[in-house]
Amino acid sequence: MARQPLALTPEQVKRYSRHIIMGDVGSRGQRKLMHSKTLIVGAGGLGSPSAIYLALAGVGTIGIVDFDVVELSNLQRQILHHTSDVGRSKLQSGRDTILSYNPDVKVVLHETRLDSHNALEIIGQYDLVVNGADNFATRYLVNDACYLLRKPLVDGSILIFDGQATVFLPGEGCYRCLFPSPPPPGMVPNCAEAGVLGALTGVVGSIQATEALKLLLGIGDSLSSRLLLIDALSMSFREVKLKRDPDCPLCGDHPSVTQLIDYEVFCGVAAPQGVPVASD
């Protein structure tokens, strides 16, 4: 018989009182959150609001993968970090911020570059993944690892004034169904090249946190099979229906991707081993 979560302490009842009075959450749901484990990929623009709201909600274990340091230019949108954190590890800064909001949360730091050698081991420790990666290689890597491990993936992205969010559940399609192959290197600019409205990261990151909480609680209708598109300039939201592609190389009827690959080579940002990278 599965171990039942312990009863809430008086302090926890007060802290989470606005959850507990909700019929779809209640004491049982709050205890479920407190025994859940969520991994956040990236302690940046999307990972910041996701991490904060999951911590405030009482998710018991929050893992964060990142290997960068805080830069002054991050502070326009990355609310996990403060001016005094410039130069510090994003993971250390993020942990301090999370614990200042909720000291009951266990914060697990994975200070490493997520790659095909460690992704399965790291992701396998968690109930679901919130992806805030800002590059295609990591996005495909996280997608493939989550599918192979049968883990729900809450995906989001932002650029300039546009944002999008969706959920990939095992058996209901994946990122490769939406984007079978990455764009040529340099075709799609990143935030450092094109910019992003800082407040938009809060909108998309909060949507990701909401979807994660619904999945952990087992309530509501997730964004699975739906891509939510956000245009901040017109403040319009629209949905695009997503379907599992039977010809998808990962989750299709006859998959050709059955293990993790070299994603930098796949996305064209690195040459195959033994082949020199072209330079000007």
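**Entry 1: Asp-253 and Arg-244**

I looked up the exposure of Asp-253 in this predicted model. Asp-253 has a relative accessible area of 47% and is therefore partly exposed. I then asked which residue Asp-253 meets in a salt bridge. The partner is Arg-244, with 2.7 Å from N to O. Arg-244 is likewise listed as partly exposed, at a relative accessible area of 33%.

**Entry 2: Salt bridges in total**

I asked how many salt bridges the structure holds. The count is eight. The pair of Asp-253 and Arg-244 is one such contact, and I examined further ones below.

**Entry 3: Arg-226 and Glu-239**

I recorded a salt bridge between Arg-226 and Glu-239, in which the closest N and O atoms are 2.7 Å apart. This pair links distant parts of the chain, 13 residues apart. Arg-226 belongs to strand E7, which covers residues 226–231, and Glu-239 belongs to strand E8, which covers residues 236–241. I noted Glu-239 as partly exposed, since its relative accessibility is 41%.

**Entry 4: The network at Arg-88**

I asked which residues are linked with Arg-88 in a network of salt bridges. They are Asp-85 and Asp-96. For the contact of Asp-96 with Arg-88, I noted 2.9 Å from N to O. Asp-96 counts as partly exposed at 39% relative accessibility. Arg-88 is also partly exposed, with a relative accessible area of 28%.

**Entry 5: Nonpolar surface patch**

I turned to the nonpolar side chains at the surface. Tyr-53, Leu-56 and Tyr-101 form a nonpolar patch there, and together these residues have about 300 Å² of accessible area. I located Tyr-101 in helix H5, which spans residues 90–101. With a relative accessible area of 42%, Tyr-101 is partly exposed.

**Entry 6: Cysteines**

I searched the whole structure for disulfides and found zero. Cys-146 is in no disulfide, and its nearest cysteine sulfur, that of Cys-174, is 11 Å away. I asked whether Cys-146 is buried or exposed. At 1% relative accessibility, Cys-146 counts as buried.

I next asked why Cys-191 has no bond to Cys-267. The sulfur of Cys-267 is the closest cysteine sulfur to that of Cys-191, but the two are 16 Å apart, which is too far for a bond. A disulfide would require the sulfur atoms to lie within 2.5 Å. Cys-191 counts as partly exposed, because its relative accessibility is 23%.

Note on methods
Residues numbered from 1 in each chain as written. Predicted model: local features only at pLDDT ≥ 70, side-chain atom pairs only at ≥ 80, totals over all residues. Heavy atoms only, no water. Patch = residues over 30% accessible without salt bridge, like charges linked within 9 Å, V, L, I, M, F, W, Y side chains within 5 Å. Areas by Shrake-Rupley, 256 points an atom, 1.4 Å probe, with all protein chains shown as cover. Salt bridge = Lys/Arg side-chain N within 4 Å of Asp/Glu carboxyl O. Helix = DSSP H or I, 4+ residues; strand = E, 2+ residues; numbered from the N terminus. Buried < 20%, exposed > 50% of the residue type's maximum accessible area, 1.4 Å probe, protein only.
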